[in-house]
Amino acid sequence: MKNKKSSPFPFGATLYDDGCNFSIHSPDNIVSLIIFTDSENQEYKLKTHDQIVYYTFIPNITSGTQYGFKTIDNDGHSRLLLDPYSHSLSKPLQYNSPLDTEQSWTLSKSIVVDHNFDWENDTAPNHPIEKTILFELHIKGFTQQCPHIAPQYQGKYLGLCQPDIIQFFKQQNITTLQLLPITSFVTESHLKENNLTNFWGYNSVCFMAPHPNYAEKDAVNELKHMVRELHKNDIEVILDVVFNHTAEGDHNGPCFHLKALDQNYYLHNNPQQYMNYTGCGNTLDLTHQASFTLVLDTLRHWVNEYHIDGFRFDLATTLGRDHENFSPHSGFFMAIAQDPILQKVKLIAEPWDIGPNGYQLGNYPDNWHECNDKFRDITKSYWLQQPNFAKNFATQLMGSRDIFSASRWPQKLPVNFISYHDGFTLQDLVSYNDKHNEANGENNRDGHSDNRSNNHGVEGDTNNTAIILLRDKQKRNLMISLLFSFGIPHLLAVDSLSHSQQGNNNAYCQDNPISWADWNLSHINDVFKQWLADIIAIRQQIMPDVIRAFSNENRNKNKITWSNANGTQITPAQWLNIDHFSLHIDLFNHDGELLYLINATDTSLTFNLPKSTKWSMVCDTSTQNIIVKDVNVSYIQHPHSLSILYRAN
């Protein structure tokens with residue numbers, strides 16, 4: 001590194017051989033720099049040319065130095081602020097409400113970071129989007145109770161890259177981990193009062209600082225080590241990022257940094273009232289240059305310094321807003337599209353927020369893949385409730401083409417899912433009719449009531465063998481529907497372990513065994529884990545080629561046929577009341593055929609198969625076993641089950 005004189009850019013603490021440059025955006029307050037040492041704290045005045053950006057270069061600063069920014073409140077008391085560009089925090093951030101100026105000096109401090117790290121010639125896996133299998137998990141929750149790793153790594157960044165965990169990922173044949181928020185966050189005061197914790201982490205403080213709680217010693221280097229080891233095993237890492245709001249909340253919330261630095265970071269109805277399109281008290285305004293710059297700098301930071309492979313954006317509609325209006329041509333989307341670093345990574349949107357016209361499914365730009373709640377709701381309804389949803393279910397199988405035009409595949413494939421971190425787990429979908437969120441302390445009022453689930457006769461656990469087997473079959477129905485639909489499959493990682501949250505569909509505050517993956521599997525759940533791994537492997541052999549065939553100039557030459565069990569094509573009128581169907585996909589130029597036999601009735605049906613050479617059985621959800629056999633003229637499909645057959649021409 002070369003010598004560096006004080007400069008307004010880049011923002012944050014930038015380390016050089018002979019010291020560190022500090023810069024902060026602060027048009028609303030004059031700030032000074034505080035350097036914390038063992039002997040005494042040192043205060044430095046900052047330069048400014050425009051009363052907007054304040055900066056200085058301090059010699060002899062080294063990695064690990066703790067710092068913060070001091071400002072004076074209206075009452076004349078000094079307040080210590082975190083650097084919004086903090087790359088690391090000295091300890092987990094905790095506070096007691098109200099957060100006054102005196103308490104601010106006792107909280108976590110920002111840390112100067114040296115990002116030198118031996119990446120060992122790390123190469124990003126860069127899995128094609130049609131081959132991507134998303135595996136959503138919580139850093140702590142997934143390994144906290146895992147008996148296969150050493151206790152010091154359980155629930156930590158390093159736990160996720162231990163050999164047995166990596167081997168599990170590889171056995172499950174997934175390509176990409178999608179991590180719940182790992183940037184620094186804080187637990188809200190009302191949760192602390194009820195002895196609860198913000199477990200999911202959707203309450204960000206410093207966007208660039210990894211959460212200290214998941215580190216054994218050093219969050220920065222341990223997270224890099226985790227990514228490097230996962231990359232060595234061809235596994236991508238996607239971060240769930242929260243830029244729609246911050247942990248500062250509304251006007252009654254705490255002040256950590258942005259509130260004191262620039263009120264225009266947030267949308268306001270008036271100077272005293274924060275607009276709340278997020279349900280969390282405030283809304284970040286990405287039409288404001290400072291907010292926009294902070295978010296773009298953050299994304300590049302994670303890619304450059306941590307080799308992150310992509311992002312899932314929480315409540316992404318907020319990011320494309322100009323106050324009440326959303327646009328796929330907003331500055332945020334355009335900036336990412338032209339950015340040479342960010343245009344290469346995977347981008348996933350949660351395409352809604354709670355503001356005006358917040359639901360924007362299907363309206364994001366190319367190269368943005370959207371979480372498809374239509375697929376989730378309709379697929380669950382078809383298998384678990386069955387109120388004449390066949391037509392809609394068929395549409396979802398084919399990639400929700402009523403919303404996502406196939407002409408934009410694969411750069412705009414939907415992210416299809418059955419279960420997510422919010423809502424029922426897969427096991428609970430087939431085990432509970434109603435949510436059971438009493439442990440959250442809100443008298444079961446929180447969480448969705450529209451679960452579209454089915455307990456199959458008993459609410460919760462049961463020893464009834466028939467119900468257990470039926471639930472297991474329904475899990476297979478849901479997973480096959482997901483894996484063989486046109487889209488990017490998103491799986492909740494704990495579903496591979498058949499984890500139950502005891503009917504809690506909003507376990508955001510449950511840092512305990514309700515949320516921690518249970519690795520002690522019953523026999524039937526162990527069999528399901530292996531079945532799921534095997535069927536994902538088969539999916540990877542078949543579906544990428546099929547999706548590509550619908551993503552090129554010959555896509556309209558592929559043949560799609562919808563038929564009754566007797567082989568007669570279904571008329572538009574028949575779709576209104578049908579409860580079974582077959583889907584025959586015949587790829588152009590004899591590149592293969594795929595056949596779906598779907599029976600949601602209470603009786604077995606004999607399906608007449610398209611005539612030609614024999615079909616190879618891919619799976620039949622009526623059995624736990626992967627069937628390896630050929631089928632020719634017809635096939636008996638058992639009640640409430642489906643089969644996939646394939647023929648390579």
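Tyr-364 has a relative accessibility of 3% and therefore counts as buried, since the cut-off for that class is under 20%. This briefing concerns a predicted model. It describes the aromatic rings around Tyr-364, two charged side chains placed over rings, and the contact of two helices.

**Aromatic rings**
- The structure contains 48 aromatic pairs.
- In one of them, the ring centres of Phe-326 and Tyr-364 are 5.2 Å apart and the planes stand at 50°, so this pair is classed as tilted.
- Phe-326 belongs to strand β16 (residues 325-326), while Tyr-364 is in the loop between β17 (346-349) and β18 (368-372); the pair therefore ties together parts that are 38 residues apart in sequence.
- Phe-326 also counts as buried, because its relative accessibility is 15%.
- Both residues belong to one aromatic cluster, whose other members are Phe-207, Phe-243, Phe-311, Phe-313, Phe-332, Phe-333 and Trp-368.

**Charged side chains over rings**
- Lys-224 is placed over the face of Tyr-306, at 5.4 Å from the ring centre.
- Arg-321 is placed over the face of Tyr-277, at 4.6 Å from the ring centre.

**Contact of helices α7 and α8**
- The axes of α7 (residues 289-306) and α8 (residues 331-338) come within 11 Å and cross at roughly 30°.
- The crossing of α7 and α8 is right-handed.
- On the α7 side, Phe-292, Val-295, Leu-296 and Leu-299 take part; they meet Gly-331, Phe-332, Ala-335 and Ile-336 of α8.
- Seven of the residues in this contact are nonpolar, one is polar and none is charged.
- Phe-332, a residue of this contact, is also a member of the aromatic cluster.

Definitions and conventions. Residues are numbered from 1 along each chain as its sequence is written. This is a predicted model: local features need pLDDT of at least 70, side-chain atom pairs count only at pLDDT 80 or more; totals for chains, interfaces and linings use all residues. Side-chain values use heavy atoms; hydrogens and water are left out. Rings of Phe, Tyr and Trp (its six-membered ring) pair if their centres lie within 6.5 Å; planes under 30 degrees apart count as stacked, over 60 as edge-to-face and the rest as tilted. Helices (H or I, at least four residues) and strands (E, at least two) are DSSP runs, numbered from the N terminus. Buried means under 20% relative accessible area, exposed over 50%, partly exposed in between (1.4 Å probe, protein chains only). A charge sits over a ring if NZ of Lys or CZ of Arg is within 6 Å of the ring centre and within 35 degrees of the ring normal. Axes are lines fitted to C-alpha atoms, for helices over the stretch in contact, and angles run from 0 to 180 degrees between N-to-C directions. A crossing is left-handed if the near helix is turned anticlockwise from the far one by less than a right angle, and right-handed if clockwise. Contact means heavy atoms within 4.5 Å. Ala, Val, Leu, Ile, Met, Phe, Trp, Tyr, Cys and Pro count as nonpolar, Asp, Glu, Lys and Arg as charged, and the others, Gly among them, as polar.
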